[in-house]
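Reader: Hey, got a minute to go through this one with me? I'd like to start with a single residue and work outwards.

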Amino acid sequence: MPTEPNPSSVTPGNARPRVLSGIQPTADSFHLGNYLGALRQWVAMQDTHDAFYCVVDLHAITMPHDPALLRRRTRVAAAQLFALGIDPERSTLFVQSHVPEHTELSWVMGCITGFGEASRMTQFKDKSAKEGTSAASIGLFTYPILQAADILLYQADQVPVGEDQRQHLELTRTLAQRFNHRFGETFVTPEAYIPKATAKITDLQEPTAKMSKSSSSPQGILDLLEEPGPLRKKVMRAVTDTGTEIVADEANKPGVTNLLRIYSALTETSIPDLERRYEGQGYGTLKKDLAQSVLDTFTPIRERTEKLLADEAQLDRLLGLGAERARAVARRTMEDVRERVGFLGRA
């Protein structure tokens, strides 16, 4: 369980590089791909960075949503992050909408962003192509500008990025440099933080497709908060391949390769070592052992999350303290921005 943060435990003068990252509260649970691809690295970065992490609920409303469900999922997302090991003594964890400077800076940055620049963002093009631009909101269109404001507001030195976010980070860097050129040196120009290579985790039922809440079937995803019985069944029913040999072969054995990658990532055992361990054994043995490894990893996280959610008042208090600490940084940035763009000072 997280301890209550000391307000001075994360300070703006920290000599470590500052990192900013966020995750949307758009599902009832994070899944294995989230855990291995990002969240496990978030925990590790607390040892080397001045870490700011946020649950980006403003980003979550670019698509139609249910307000009560969003509120619940925001708490669930925060509880999982604490349960995974985000320590409020060493990091600043907060909810994006609790810091109004995000939207204020987003408007300013939007006013120096070209329409063509925003139009070229691939995520907007991909999402609007599926349902047509008439169904896409202005919020979805300006999503990358809000994301840039999220980063620049905290003067982040580094931003963890995967390939799907590189274009957005480049826009952030461009906007920081453009603002600095027009109005004077104000923003740190953030660099990409490339975590050590992570396993490419795919759908258990469609092993050639990425494990994703938006495209995978429920049977293809391993959720962190799932009960042990269903988790075990999903692993045991995972699609494998022809033959019986347990070897990594992306082209001919994508199902077994995916299982080996997951097992390797969870246990920090190399895939060649796993291939030797299971030489001459069947898929069933591999799946049984992998299922136990998944349960050993997920069960403590689920139990800690449930304890946090059982005391909403304390969870909200932790998030409130995180927001206070985030706002202390955000206010300073916005004071500089307001002065430099020519807004009248407040009495």
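Reader: Ser-264, is that buried or exposed?

Author: Keep in mind that this is a predicted model. Ser-264 has a relative accessible area of 15%, and the cut-off for buried is under 20%, so Ser-264 counts as buried.

Reader: Ok. Which helix is Ser-264 in?

Author: Ser-264 is in α10, a helix that covers residues 254-267.

Reader: And what does Ser-264 touch, skipping residues up to four places away in sequence?

Author: Thr-269, Ser-270, Ile-271 and Leu-274.

Reader: Let's take Leu-274 then. Where is that one?

Author: Leu-274 sits in helix α11, residues 271-277. Between Leu-274 and Ser-264 there are 7.5 Å from C-alpha to C-alpha, with a separation of 10 residues in sequence.

Reader: Leu-274, buried or exposed?

Author: Buried, because its relative accessibility is 0%. Setting aside neighbours within four places in sequence, Leu-274 has contacts with Leu-260, Tyr-263, Ser-264 and Thr-269.

Reader: What about the loop between α10 and α11, which residue should I look at there?

Author: Try Glu-268, which is in that loop. Its phi is positive, about 55°, although Glu-268 is not a glycine.

Reader: Why flag a positive phi?

Author: Most residues other than glycine have a negative phi.

Reader: Fair. Glu-268, buried or exposed?

Author: With a relative accessible area of 68%, Glu-268 is exposed.

Reader: Which residue in the loop between α7 and β4 would you check?

Author: Gln-155 lies in that loop, where α7 is 138-153 and β4 is 158-160. Gln-155 is not a glycine either, and its phi is positive, near 55°.

Reader: And Gln-155, buried or exposed?

Author: Gln-155 is buried, since its relative accessible area is 19%.

Reader: Switching to strands. How many residues of β3 are buried?

Author: Five of its five residues, and the strand runs over 91-95.

Reader: Which residues of β3 are on which side?

Author: Ser-91, Leu-93 and Val-95 are on one side, Thr-92 and Phe-94 on the other, and both faces are covered. That fits a general pattern: in a regular strand the side chains alternate between the two faces of the sheet.

Reader: In which sense do β2 and β3 pair, and over how many bridges?

Author: Parallel, over five bridges, with β2 made up of residues 50-55. One bridge to pick out on screen is the one where Val-55 has Val-95 of β3 as its partner.

Reader: Ok, zooming out. How many helices and strands are there in the chain?

Author: 13 helices and five strands.

Reader: What's the radius of gyration, and what would a compact globule have?

Author: The chain has 22 Å, and a compact globule of 347 residues would be near 20 Å, so the two agree. If you're setting up a box, the C-alpha atoms fill roughly 75 × 45 × 40 Å along the principal axes.

Reader: How much of the chain is buried?

Author: Buried residues are 48% of the 347. The chain exposes about 16400 Å², and 52% of that comes from carbon and sulfur atoms.

Reader: What about contacts between residues at least 24 apart?

Author: Counting contacts between residues at least 6 apart in sequence, 76% link residues at least 24 apart.

Reader: Last one, charges. How far apart are the mean positions of the positive and negative ones?

Author: 1 Å, for 41 positive and 44 negative charges.

Note on methods. Residues are numbered from 1 along each chain as its sequence is written. This is a predicted model: local features need pLDDT of at least 70, side-chain atom pairs count only at pLDDT 80 or more; totals for chains, interfaces and linings use all residues. Side-chain values use heavy atoms; hydrogens and water are left out. Buried means under 20% relative accessible area, exposed over 50%, partly exposed in between (1.4 Å probe, protein chains only). Helices (H or I, at least four residues) and strands (E, at least two) are DSSP runs, numbered from the N terminus. Two strands pair if DSSP finds at least two bridges between them. The radius of gyration is taken over C-alpha atoms; the globule rule is 2.2 Å times the number of residues to the power 0.38. Contact means heavy atoms within 4.5 Å. Accessible areas come from the Shrake-Rupley method with a 1.4 Å probe; for residues, only the protein chains shown count as cover. Lys and Arg count as positive and Asp and Glu as negative; His and the chain ends are not counted. The place of a charge is taken as NZ of Lys, CZ of Arg, CG of Asp or CD of Glu.
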